[in-house]
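Visitor: I am new to this structure. Please pick one part, look at it closely, and then show me what lies around it.

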Amino acid sequence: ICTMFEKRYSIGVGALTNSLVAAGFSGTFCVGYRGPLPSWLDQCTVEVAGERWRVGGLTLHFIRMETADHFTNHKPQFMLRLFDQQAQRMFYLDPDIVVKCRWDFIEEWTSDAVSLCADIHAQCPVGQPLRRAWERYFAPHGLHFRQQLNTYVNGGFIGVSRTHRS
């Protein structure tokens, strides 16, 4: 699992961490960050090594981000960097998300398909003005929309397994 944060979003990383532990996740949670480490780390059970801490069965691994890019635009590169370290599955969750279901449900979901969530304002039909604006913006850059789904997918959550990576 991975996320990225800067500034006050460290509070969200703490809430996300607690929700992952409560959901039954055990494994590595990679956290890309800019600025100082969260002040709540002193409440974790033990610093394992370097920028790694244990919380229940979860190991937090903090990775300083050297990019000047807005993190929204850096998610794919961060995920690919981690995925290339032999991960079998990869999940990205924004630091303002909390998990409210069993973690094994999310893993099962991702074993069958790429896991995505609809945005809170999910309806975005083909003729919707915002979608047309995106098409006009990206066309001069050689990017053309082929997807005709009427749903706008939230960029704050994705799960993919190695078998679904092209």
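Guide: The side chains of Arg 34 and Glu 6 are joined by a polar contact of 3.0 Å. A polar contact here is a pair of N or O atoms within 3.5 Å; within protein, one must be able to donate a hydrogen and the other to accept it, and residues adjacent in sequence count only if both atoms are side-chain atoms. The model is predicted, so local features need pLDDT of at least 70 and side-chain atom pairs count only at pLDDT 80 or more, while totals for chains, interfaces and linings use all residues. Residues are numbered from 1 along each chain as its sequence is written, and side-chain values use heavy atoms, with hydrogens and water left out.

Arg 34 belongs to strand 2, residues 27-34. Strands (E, at least two residues) and helices (H or I, at least four) are DSSP runs numbered from the N terminus. The side chain of Arg 34 also reaches the backbone oxygen of Thr 67, at 2.6 Å. Arg 34 counts as buried because its relative accessible area is 19%; buried means under 20%, exposed over 50%, and partly exposed in between, with a 1.4 Å probe and protein chains only. Apart from neighbours within four places in sequence, Arg 34 is in contact (heavy atoms within 4.5 Å) with Phe 5, Glu 6 and Lys 7 and, further along, with Met 65, Thr 67, Ala 68, Asp 69, His 70 and Phe 71.

One of these partners, Lys 7, sits in the loop between strand 1 and helix 1. Lys 7 is exposed, since its relative accessible area is 67%. Its phi is near 55°, a positive value in a residue other than glycine. Most residues other than glycine have a negative phi.

After that loop comes helix 1, residues 10-23. At 1.5 Å a residue, its 14 residues should span 20 Å, and the end C-alpha atoms are 20 Å apart, so the two values agree; the expected span is 1.5 Å times one less than the number of residues. The buried residues of helix 1 include Val 13, Leu 16, Ser 19 and Leu 20. The buried residues of this helix pack against strand 2, where Arg 34 is found, and also against strand 1 (2-6), strand 4 (52-55), strand 5 (58-64), strand 6 (89-93) and helix 3 (103-112). Ser 19 is buried because its relative accessible area is 9%. Its side chain reaches the backbone nitrogen of Val 99 at 2.9 Å. Beyond neighbours within four places in sequence, Ser 19 is in contact with Val 98 and Val 99. Just after helix 1, Gly 24 takes a positive phi of about 95°.

Now the whole chain. The chain has four helices and eight strands, in the order β-α-β-β-β-β-α-β-α-β-α-β from the N terminus. Of its 166 residues, 38% count as buried. Among contacts between residues at least 6 apart in sequence, 70% join residues at least 24 apart. The C-alpha atoms fill a box of roughly 55 × 35 × 30 Å, taken along the principal axes.
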